[in-house]
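Please open the structure in your viewer and keep the selection tool at hand, since this tour moves from one selection to the next and says what is to be found at each stop.

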Amino acid sequence: MSISINRRQFSQAVLGAAALGLFATACGSEDTSSDPNAEVTLRFAWWGNAERASATEKVIAAFEAANPKIKVKGEHGDFSGYFDKLATSVAAKDAPDVFTLGGAYPAEYANRGALLDLGTVGGALDLSGLDPSAVSNGQVKGVQYGVSTGANALAMVINPSVFEAAGVDIPDDSSWTWDQFRSITASISANSPDGTFGSASVLTHDSLDAFARQRGEALYTQDGKLGITAQTVEDYFAFSLSLVDSKSSPSATVLVEQANISIEQSFMGTGKAGAMLTWSNSLKAMSAAAGEELKLMRLPGESPTPGIWLQSSQYYAISAQSKKSEAAAKLIDFLVNSEEAAKLILNDRGVSSSAAIRAAIAPDLTPSGQAEVAYLDIVGKTKFAPTFIGPTGSTAVGEITARINTDVLFAKASPAEAAKQWMQESANAIM
């Protein structure tokens, strides 16, 4: 499960800015840092909790020590308002020089001329040590607009203690199916105290994508169209409903409440869930909240056709408006290639895409961090289908999926009706 954001407001801000012509591309060659004796001040924006902010500020201090002519002003914000603020700053031509993006946002911004082509600063930014799949993850239509902060993948987080207390065996994740997942989690709910459930999964458009890929389909095609059939969407919504009806999951009302709360307040974070479909880089925070080491398992239904893929957890990008592109590129290079930075960041922004960096930080990782690396190693060896960044407008599909899934759970629409509505709204969103 990815973290919920207000995608509709973001899309409206981006579209409004584009309509006013405010996403015009600035010339990256007008770099005030071209004079080696001139001091440069960069603005660097990111989202995250206090722990991430502290680690990033330490990285900034290390970068400044290594580059005394470059100063960096950090602009940290909560996830909930980050993208609205970023869209507004870009529209006002006051964008940070360097900022983080996630999901389909590189395409949203790149296609509207808001990101710098990183090929223009190749001398200051070395991507040769990164895994090829990570490099291509940051490309839009063959142009490098983003640099992966690290890899991530969907996973099933398991709380072994909840399984044991319910007398349910942990399944073999190399062969289990979605039907088996529902049966197993229903058994946990039936054999656990009130308020503890087998599944705490709030299904999202990311899990819909995996569900489709297991059927040889995909959420999006390479040319930016929907690559999923209405039947698959219908089956997906029907499965989501079946988790509630079987009491594998909490009621619809509780699931909706769970979609917008912190990890610490979630069923998994409070030790009241056996399994939760989410992103692998949430393992550390969930384990810390639950007070025990949780486990990462492969998704149900991965055999015979894998639906999994390696996803960049986030991307570093440079604003097309920046007049300090060379200095900005040096900052990104330090973030992804410096062992000093890596030992501060660890897996916080995903598992490093550099083999050398992964080896360097291995001794410093917690058991959760090591488990995450091991899981990503399994995913990396899986022969999965190609993945493509969602097309312009695709950020709205997350909101569409959540809203329509909620209608299904509250019996406002049948899975078939919901699938028809989803296909229409999603196709319109990415036109």
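## Salt bridges

Begin by selecting Arg358 and Asp131, which form a salt bridge whose closest N and O atoms are 3.1 Å apart. This pair links distant parts of the chain, for Arg358 sits in helix H14 (residues 355–361), while Asp131 lies in the loop between helix H4 (105–110) and helix H5 (132–137), and the two are 227 residues apart. With a surface displayed, note that Arg358 is partly exposed, at a relative accessible area of 27%, and that Asp131 is likewise partly exposed, with a value of 27%. Please bear in mind throughout that the model is a predicted one.

Next select Glu399 and Arg403, where a salt bridge brings the closest N and O atoms to 2.9 Å from each other. How far apart are Glu399 and Arg403 in helix H16? They are four residues apart in this helix (residues 395–409), and therefore about one helical turn separates them. In general, an α-helix has 3.6 residues a turn, so residues three or four places apart point the same way. Glu399 counts as partly exposed at 22% relative accessibility, a value to be read against the 20% below which a residue would be called buried, and Arg403 is partly exposed as well, with a relative accessible area of 26%.

Move on to Asp377 and Lys381, another salt bridge, in which the closest N and O atoms are 3.2 Å apart. Is each partner here buried or exposed? Asp377 is partly exposed, with a relative accessible area of 40%, whereas Lys381, at 65% relative accessibility, counts as exposed.

To complete this part of the tour, select Arg43, Glu75 and Asp94 together, since these residues are linked in a network of salt bridges. Across the whole structure, the search finds 12 salt bridges.

## Helix H12

Now select residues 325–337, which make up helix H12. The helix has 13 residues and reaches 18 Å from its first C-alpha to its last, which is close to the 18 Å expected at 1.5 Å a residue. How many of the residues of H12 are buried? The helix is mostly covered, with 10 of its 13 residues buried. Colouring by residue will help to pick out the buried positions, among them Ala327, Ala328, Ala329, Leu331, Ile332, Phe334, Leu335 and Val336, and also including Ser325 and Asp333.

## Strand E8 and its partners

Turn to strand E8 (residues 154–158), which is mostly covered, five of its five residues being buried. If you show the side chains, Leu154, Met156 and Ile158 point one way from E8, while Ala155 and Val157 point the other way. This fits the general rule that in a regular strand the side chains alternate between the two faces of the sheet.

Add strand E12 (residues 273–279) to the selection: E8 and E12 run antiparallel and are joined by five bridges. Within this pairing, Ala155 stands opposite Thr278 of E12. Then add strand E13 (residues 295–297), which pairs with E8 in the antiparallel sense over three bridges, and look for Lys295 in E13, the bridge partner of Ile158.

## Aromatic cluster

For the last stop, select Trp176, Trp178, Phe181, Phe211, Tyr236, Phe237 and Phe239, and display their rings, as these residues form one aromatic cluster. The count of aromatic pairs comes to 19, and any such pair of rings may be examined in the viewer. In general, a pair of aromatic rings is described by the distance of the centres and the angle of the planes.

Notes. Residues are numbered from 1 along each chain as its sequence is written. This is a predicted model: local features need pLDDT of at least 70, side-chain atom pairs count only at pLDDT 80 or more; totals for chains, interfaces and linings use all residues. Side-chain values use heavy atoms; hydrogens and water are left out. A salt bridge is a side-chain nitrogen of Lys or Arg within 4 Å of a carboxyl oxygen of Asp or Glu. Buried means under 20% relative accessible area, exposed over 50%, partly exposed in between (1.4 Å probe, protein chains only). The expected span of a helix is 1.5 Å times one less than its number of residues. Rings of Phe, Tyr and Trp (its six-membered ring) pair if their centres lie within 6.5 Å; planes under 30 degrees apart count as stacked, over 60 as edge-to-face and the rest as tilted. Two strands pair if DSSP finds at least two bridges between them.
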